Structure formats: structure tokens, C-alpha cells
Amino acid sequence: MSAPKLAKGPADFKLLTAGTPNGYKASILLEELVAAYPGFTYDFEGISFKSNEQKEEWFLQVNPNGRIPAAIVYPKEQGGKEHYVFESASISLWLIDHIDTAHKLSFEDEYEKSEALSWLFFMHGGLGPMQGYREETKRLYSVLEDRLAGRREDPATSEDGKTHGREREYVVGKGKGKYSFVDVNIYPWVRTHAWAGVESLAEYPNLSKWLDRVAARPAVKRGLDIPEKNTYNPAMTEEEQTKKAEAAKQWIHGK
Ligand SMILES: N[C@@H](CCC(=O)N[C@@H](CS)C(=O)NCC(=O)O)C(=O)O
């Protein structure tokens, strides 16, 4: 009895999701867009991993890969067609292209735009899939730490054309950077660092400050409560963390 989840609700956009890092990328970005664009709304449906809903035929219609997040874009005009979007990065790019027309969470400048894609795909191909593996996670965190410490800048986007800059507030954008969909895509993974066996971010002071900066945003907090109230507790015991990390590996690498 789940196919009804595909039916259109009040909004033109519906997210099919679960309370996991890849799902939060989409729900946080959607909450940021709701805050930034009065009039923009979306619907969501929770997908139950317990009953393996994401592998049911109706869900595979939207994402043939059987994973969340996935999204349905309903036609605005009569006679128009539904459109399915899957893969968290692809959903982010669709939203940026179609909703973020004033570039409040994205970039207009061609070099910043390209830089945003570099860091988005660094995230998508590296950090997400690798966060089950402690040593590789630590290496990727130090790439982010160096970036936020301003140790390696692109001359085309640094303020003075230099390759060494100042500390950055956000991963992409000129100067100290601008909060964007790229930070949104990285945040849910760094937030659960303890699950990946990296209990403390003390070795990564700039990454740690960035994490607090992003976590303080009201839309980020709201996005973490979709599809249901978030229960993540960073003060879990080591045993609980190991259990969570094992579960996380299953979501990422399949069952
Ligand atoms: N590359 C995909 C990964 C999606 C993914 O791994 N989703 C997990 C949750 S974080 C999932 O749906 N796992 C359930 C399953 O594999 O059956 C994306 O970025 O959207």
C-alpha cells in the first residue's frame, strides 16, 4: 500500500526520503529554498527501509537504483509531464537551476560555478561513499580542513589572484566564501563524523568551526527533522557509535 506516495500533494515538487545523510542533503536544501523564496513549497514522503520500500517497483519507477533521496517534479501546466530526479547531487542541481534563480545559495560567476561543481563532486564521489572507512574519511576531512584554512585557493576565485588565502567561512566562493548548496551537501556527512570512527574534530579546527556555523542555521535544523524528528545524539557511547556506523555502511554499500 505504498504507491499512493507518488500521488501529487499540494506542491509541484515531492521528495521521497529517509532520515539519513543523503536524504538530509535534499531536505536541508529544500528548507533553505523555502526560507529564501517566499511562495516556494514542497511535499515529502518518508520511505521505510525496514520494509524495504525503496526496492518496491513503484519506487524503482522514480529511482531505478532503489535508494533515497529521489524526487518527483509534477507538471505545472495541464497536459505537462511528470519528471523524476534521483541521486542527491542531481536533485541539488535541479533545485539550484530551477528554484534558486536569484543565486542565493549558488553562484553566477563562471569560475565560482565551476569551483562549486568541483567540490560537489569531491563530496559526491569521495566523502559520501568513503565515510564507512576511517582512514580515508580522515584524509578527506583534512582536504576540507586545508580548504577552509585557506591553504589552497584557485587564483581565478581568490580575491588577489594568490593561491594562499585567509580562513574561509564556507567551502566555495570568493574571499571567505558564500554559504551554498555545496556546504549543504557536505554537512550531513561531516556531522556524523563519530559514526565513521572520527570521534573528535580537534585535528580539524576550521572544519569544526564550519560545522558549527552550518549547524546553527534554522533551515538546517528543520531539514534534519525530515521525514521525522531527528534522534542523532553525538554523545552516544562507543558501542552505540559502532552499531550506527555499521548501519550507515549498509545504507551506503547496499544490503
Ligand atoms: N549516490 C546516492 C547514494 C544514495 C544512498 O546511498 N542512499 C541510501 C541512504 S543514505 C539508501 O537509500 N540506502 C537504502 C538501500 O540501499 O537500500 C546519492 O547520493 O543519492
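H103 is partly exposed in this predicted model. Its relative accessible area is 24%, which falls between the limits of 20% for buried and 50% for exposed. H103 sits in the loop that runs between α3 and α4 (110–130). Its backbone is notable for the phi angle, which is near 55 degrees. That is a positive value in a residue other than glycine. Most residues other than glycine have a negative phi.

E87 is another case of this kind. Phi of E87 is near 80 degrees, again positive in a residue that is not glycine. E87 lies in the loop between β4 (83–86) and α3. At 34% relative accessibility, E87 counts as partly exposed. E87 also belongs to the surroundings of the ligand, as described next.

The ligand has 13 residues around it. Those that come nearest are Q54, K55, I68, E87 and S88. Several polar atoms lie at short range from ligand oxygen atoms. For Q54, a polar side-chain atom lies 2.7 Å from an oxygen atom of the ligand. For I68, the atom involved is a backbone N or O, at 2.8 Å from a ligand oxygen. For R67, a side-chain N or O atom is 2.9 Å from an oxygen atom of the ligand.

Q54 is placed in the loop between β2 (43–46) and α2 (57–62). Its relative accessibility is 4%, so Q54 counts as buried. The side chain of Q54 also makes a polar contact with the side chain of N52, at 3.1 Å.

I68 has a second feature. The peptide bond that joins I68 to P69 is cis, with omega at about 5 degrees. P69 lies in the loop between α2 and β3 (70–73). A cis bond also links I226 to P227, where omega is near 10 degrees. P227 is found in the loop between α8 (218–223) and α9 (238–253). Most peptide bonds are trans.

Helix packing was examined next. Two packed helices are described by the angle between their axes and the distance between the axes. Helix α1 (residues 21–36) and helix α3 (residues 88–98) have axes that come within 9 Å. These axes cross at roughly 10 degrees. Helices α1 and α3 are therefore roughly parallel to each other. On the α1 side, the contact is made by N22, K25, A26, L29, L30 and L33. On the α3 side, the partners are S88, I91, S92, L95 and I96. The residues of this contact divide into seven nonpolar, three polar and one charged. S88 thus appears in two settings, because S88 takes part in the contact of α1 with α3 and is also among the residues that come nearest to the ligand.

L33 gives a closer view of helix α1. L33 is buried, with a relative accessible area of 0%. Leaving out residues up to four places away in sequence, L33 touches F40, L95, I99, D100 and L105. One of these, L95, is in α3. By contrast, L140 is 107 residues from L33 along the chain, and their C-alpha atoms are separated by 28 Å.

A second helix pair has another geometry. Helix α5 (residues 134–148) and helix α7 pack at an angle of about 85 degrees, with their axes 7 Å apart. That makes α5 roughly perpendicular to α7. The α5 residues in the contact are Y141, L144, E145 and L148. They meet P205, N206, L207 and W210 in α7. Six residues of this contact are nonpolar, one is polar and one is charged.

Helix α6 (residues 181–191) is largely enclosed by the rest of the structure, because eleven of its eleven residues are buried. Among them are the aromatic-named positions F181, Y187 and W189. D183 and R191 are also on the list of buried residues.

H193 is placed in the loop between α6 and α7 (205–215). At 12% relative accessibility, H193 counts as buried. A polar atom of the H193 side chain lies 2.6 Å from the backbone oxygen of V198. Not counting residues up to four places away in sequence, H193 touches Q131, Y141, V198, E199, S200, L201 and L211. Y141 also takes part in the contact of α5 with α7.

Notes: Residues numbered from 1 in each chain as written. Predicted model: local features only at pLDDT ≥ 70, side-chain atom pairs only at ≥ 80, totals over all residues. Heavy atoms only, no water. Buried < 20%, exposed > 50% of the residue type's maximum accessible area, 1.4 Å probe, protein only. Helix = DSSP H or I, 4+ residues; strand = E, 2+ residues; numbered from the N terminus. Axes fitted to C-alpha atoms, helices over the stretch in contact; angles between N-to-C directions. Parallel < 35°, antiparallel > 145°, perpendicular 65-115°, else oblique. Contact = heavy atoms within 4.5 Å. Nonpolar A, V, L, I, M, F, W, Y, C, P; charged D, E, K, R; others polar. Near = heavy atom within 4 Å. Polar contact = N/O pair within 3.5 Å; in protein donor to acceptor, adjacent residues only side chain to side chain.
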